Every structure is written in C-alpha cells, then in structure tokens.
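Subject: Structure for you to look through

Dear colleague,

I am handing over a structure that I have been looking through, and I would be glad if you opened it beside this message. My notes on it follow below.

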Amino acid sequence: MTPPNGFAAELQPPRPDRWQCDVLVVGGGPAGASAAYWLASSGVDVLVVEKKHYPREKTCGDGLTPRSVHQLEQMGLADGLAPHHRYWGLRAHAYGRTIAMSWPDHPELGSYGYVITRADLDELVAARAEKAGAVLWQGVEAVAPLSAPGASATGSDPDPAHGGATLRRAGGAIVSDRARATVTEVRARYVIVADGSLSRFGRALGTRRNRHWPQGMGLRGYYRSPRSAEAYIDSFLDIRDAGGKVVPGYGWIFPLGDGRVNVGVGLLSTQGRWKDVNTTKLMEAFVAQAPSSWCLDPQTRCGAPTGGRLPMGLAVGPHVGPDCILAGDAAGAINPFNGEGIAYAYETGRLAAAVVSGALEAHDPRLLITYEQSLQDTYGLYYRVARAFIGVLSRPGLMRICVNSGMYSRSIMEWLLRIMGNYLRPDELGPAEAVYKAVAALARQIPER
Ligand SMILES: Cc1cc2nc3c(=O)[nH]c(=O)nc-3n(C[C@H](O)[C@H](O)[C@H](O)COP(=O)(O)OP(=O)(O)OC[C@H]3O[C@@H](n4cnc5c(N)ncnc54)[C@H](O)[C@@H]3O)c2cc1C
C-alpha cells in the first residue's frame with residue numbers, strides 16, 4: 001500500500017492553495033461515503049468533498065431494503081440505524097387487491113429494512129467514513145476536473161496519474177483542518193466520481209447516458225399520517241391520472257415512524273415515453289386517490305414535493321477513465337427493476353474503493369479497468385434482463401395485463417419480488433431463480449443499442 005501522503009511528497013513545490021492526496025472522492029452521498037469508508041479503512045489517504053452541509057436534504061423515497069442494510073451493517077452502522085424505523089416487507093396494491101410479502105429469505109441479506117430520511121442517513125455514513133480516517137470537507141464543490149499530465153485515454157501510461165479538481169467553497173464551508181481553508185485545487189492519483197444523478201463533474205470528464213436505455217423519474221413529499229409506524233412499505237402498481245387512466249408507473253407510501261410518511265410517484269420508461277406525463281399532477285392524483293386511512297391531504301402535507309431523475313442499468317459511462325472511476329448514480333447504477341439506488345451506490349462505491357486500493361498498491365493505474373469487469377460480473381446480465389423487462393412494462397397495455405394477472409397469485413408476486421428486488425439465491429435453484437434463468441437466456445439473445 002502507498003504510505004499515507006506518499007504522493008504528496010512527489011509533487012514539488014508544495015503550494016498553500018493545493019491539497020494533495022491519493023484519492024479524491026467527489027460527492028458525499030451513499031456512493032462517495034461508502035468509497036471513502038472502504039478506502040480509509042484500508043489505510044488509503046482519501047479526501048471527500050461534499051458541496052452541501054450535513055444534515056442535507058436529498059430527494060428520495062428514504063427506503064432502505066435489506067440489501068442496503070447489509071452494506072450499512074458491514075460498515076459498522078447497525079447501532080446507528082437501530083433508532084430509526086424498521087420494517088419487515090412490502091405490500092403490493094393494484095386493481096383492488098393487496099398482497100403483503102415478507103422480504104425473501106437469502107443467505108446473506110437480512111429480513112428487515114429501514115425508512116430513514118436522507119438527511120439523517122447520509123450524515124451517519126459520512127461521519128463513519130471520517131471516523132475511519134477519511135478527510136471530509138463540507139460545503140466544498142469540485143468544480144472542474146484537472147487533467148492528469150501524461151495519462152493516456154486508455155490508461156496505458158505506467159506512471160501513476162495526477163488528476164484532481166479545482167474547488168469552490170460555499171459560505172461557511174466546514175473543513176476538518178481550518179488551515180486548509182484557502183485550498184482551491186486538489187491533486188490526487190485517482191478520483192472517484194460520486195456526484196449523483198446530474199453528475200456535472202462526470203459530464204465534464206466526458207461521461208454520457210445511453211439514451212436508448214430506460215431512465216426513471218420520481219417525485220416525493222412528506223405527510224403527517226396516523227399510519228407512520230406501519231411494519232410494511234406500500235407500493236401501488238396501478239396509479240392513475242386525474243382522469244382515472246392507468247399510467248406506466250408506481251406510487252409508494254413509506255412509513256418514517258416519526259409521525260410522517262414519505263409519499264411518491266415514479267415513472268419508468270424508455271425513449272421518453274413519459275415525456276407527456278406531468279409528475280406533479282400525477283402525484284396530486286395519487287395522493288387524492290390514496291386510501292383515506294393514510295390521511296394524505298393538503299392539511300397534512302409537510303412542504304412541496306421535490307423530484308429527481310433515476311439513471312439506471314449502468315446507463316452512464318464510460319465507467320472508468322485513465323485516473324477516475326464512476327460510482328452510484330453518476331454511473332447510472334440504480335436497479336431498473338425497482339428504482340432502488342442506495343444499495344447499489346454503497347456497493348459500487350465499495351467496488352470502486354477495492355479497485356483503486358489495488359491500483360495504488362501496485363502503482364499501476366491500468367488496474368482501474370478491472371472495475372468495468374467487476375461491474376459486468378456483478379450486475380451485467382441482471383441489468384440487461386431488467387432493461388428488457390422495463391422496455392416491455394413501459395407499454396401501458398402490457399403493464400396492465402402483467403400487474404393484473406400477477407395480483408391474482410401470491411406465488412407469482414413473491415417470485416417477482418425475489419427477482420426485482422435482486423434476492424436471487426446463488427446457492428439454490430427455486431422457481432424464481434428458474435424463471436429468471438429462462439428470461440435471462442432470452443434477454444441475452446435480444447440485441448441492445
Ligand atoms: C424521487 C426519488 C426517490 C428515490 N427513492 C429511493 C428509495 O426509496 N430507495 C433507494 O434505494 N433509492 C431511491 N432513490 C435513488 C437514490 O436516491 C439514489 O440512487 C442514491 O441517492 C444515489 O447515491 P449517490 O451517492 O450516487 O448520489 P447522491 O445521493 O445524489 O449523492 C451525491 C452527492 O454529491 C454531492 N455533489 C454533487 N456534485 C458535487 C460536486 N461537484 N462537488 C462536491 N459534491 C457534489 C451532492 O450534494 C450529493 O450529496 C430515489 C431517487 C429519487 C429521485
């Protein structure tokens with residue numbers, strides 16, 4: 001392993017406005033904080049810049065599945081999560097029917113999730129990374145990438161790259177070391193780009209989204225509700241517009257356990273098929289049509305809803321550059337089957353950290369390219385199947401037929417939950433795994449753009 005600050009000694013002369021580290025992480029959300037935690041835990045000199053201040057809002061459904069909880073517990077955060085609202089499964093609603101399902105059993109993943117605001121969650125994980133040894137600067141934005149002198153586009157240069165970023169401070173920036181308050185530039189061997197779905201920093205490095213692949217979009221708001229302590233999260237698969245027409249999307253009500261629920265609508269589509277759907281109106285219609293027991297109305301609403309995009313299926317790339325790696329939403333890592341992104345941000349942040357640690361240890365930036373293989377090995381086929389599935393489901397007529405038939409069979413819904421939630425067991429071939437295998441064989445044959 002490169003000794004801490006080993007790189008710092010190589011760049012001469014030292015400048016008071018320049019910070020030097022082995023790894024710069026851009027963004028302190030789930031992907032960035034996880035990458036920083038795993039890097040710092042293995043002794044790497046890592047700086048995270050987060051443009052906002054914790055606790056900060058982030059538009060999200062706030063739902064952690066057992067997959068997210070697994071990653072958080074591996075980062076030592078079981079106790080940090082415990083005071084928040086724990087839940088045990090998913091209730092699917094459609095066409096007047098309801099099926100309540102526990103989380104599928106799985107050899108690695110547990111049986112419960114949490115609903116926790118992102119203000120609380122992201123602060124918790126960033127603090128964990130800092131405790132593990134990462135340097136965290138809040139209120140500091142990475143504005144533009146610095147090119148790596150001598151690094152070729154293919155990463156074939158055997159010398160370590162010296163990229164980094166120029167920085168801009170928001171008022172009242174909090175940096176762990178006040179003496180560094182004048183820093184305007186960071187030089188790093190490697191940069192992990194974890195700046196979320198808009199990924200301006202990633203775009204400046206030349207990343208693009210594959211527009212032929214599905215993208216999601218969602219809107220969420222908070223309501224005070226007497227059902228805030230429900231033991232299940234609720235998902236509505238037949239949401240309708242104000243005229244009562246079923247729209248290719250879904251709605252959710254996630255209980256926060258603090259007197260509030262997180263209410264939202266999401267749309268999944270390919271080729272801009274939802275361009276004409278007004279999500280604000282859809283949200284209003286969903287709230288108006290929700291069962292009255294939730295008490296969702298203008299009086300219980302806590303502020304205006306906010307929306308965001310869900311880049312999915314690893315649609316943003318290239319995932320690796322000569323001295324940088326994308327993780328989380330910046331890489332489009334959201335699961336296209338269900339719009340879940342937090343777990344995949346933790347996982348890709350961790351994968352990125354492992355690859356960067358290896359490259360530092362071997363003094364070989366060419367090893368970064370192994371990240372692409374790790375992504376493909378972990379998600380490649382599964383996401384390909386998901387993209388094909390979404391392509392079919394985003395046609396309103398087909399979605400109606402599939403959901404309507406599924407709601408008559410608990411077994412089918414349980415298989416779907418196992419497949420769509422990524423609970424396929426590696427150790428056993430049950431009905432869901434068999435169905436997935438058959439569909440995957442078909443999906444492999446479908447050419448993709
Ligand atoms: C409406 C909606 C509902 C959702 N619901 C769920 C859900 O219930 N469960 C779930 O698992 N997923 C959900 N998701 C997806 C989930 O929010 C994302 O997948 C997840 O936040 C990705 O984490 P990230 O770290 O990649 O990006 P982010 O969480 O967006 O974090 C990026 C961070 O980088 C910072 N940043 C950006 N640019 C810079 C810069 N240049 N310099 C410094 N800092 C910068 C930002 O301030 C931010 O803190 C939802 C998404 C939406 C839009």
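A word on classes before the notes begin: Ala, Val, Leu, Ile, Met, Phe, Trp, Tyr, Cys and Pro count as nonpolar, Asp, Glu, Lys and Arg as charged, and the others, Gly among them, as polar. Please keep in mind that this is a predicted model.

With those classes, the shell around the ligand has 14 nonpolar, 14 polar and 11 charged residues. Of the 39 residues around the ligand, those that come nearest are Gly-29, Gly-61, Gly-196, Gly-328 and Gly-341. Among the elements that give two or more residues to this shell are α2 (30-41), β8 (135-146) and α8 (342-362).

The domain assignment divides the protein chain into domain 1 (6-61 + 120-210 + 313-380), domain 2 (87-115 + 212-311) and domain 3 (384-445), and the shell around the ligand draws at least three residues from each of domain 1 and domain 2. The C-alpha centres of domain 1 and domain 2 lie 31 Å apart, and the contact takes 15 residues from domain 1 and 19 residues from domain 2.

There is also an open sheet to follow, formed by 7 strands in the order β6-β5-β13-β14-β15-β12-β16 with mixed pairing, in which β6 (97-102) and β16 are the edge strands, each pairing on one side only. Within this sheet, strands β14 (residues 249-255) and β15 (residues 260-269) pair in the antiparallel sense over 7 bridges, and helix α7 (residues 279-289) lies across β12, β14, β15 and β16, running at about 130° to β15.

With best wishes

Definitions and conventions:
Residues numbered from 1 in each chain as written. Predicted model: local features only at pLDDT ≥ 70, side-chain atom pairs only at ≥ 80, totals over all residues. Near = placed C-beta within 6 Å. Helix = DSSP H or I, 4+ residues; strand = E, 2+ residues; numbered from the N terminus. Domains from an automatic or database assignment. Contact = placed C-beta atoms within 7 Å. Pairing = 2+ DSSP bridges. Axes fitted to C-alpha atoms, helices over the stretch in contact; angles between N-to-C directions.
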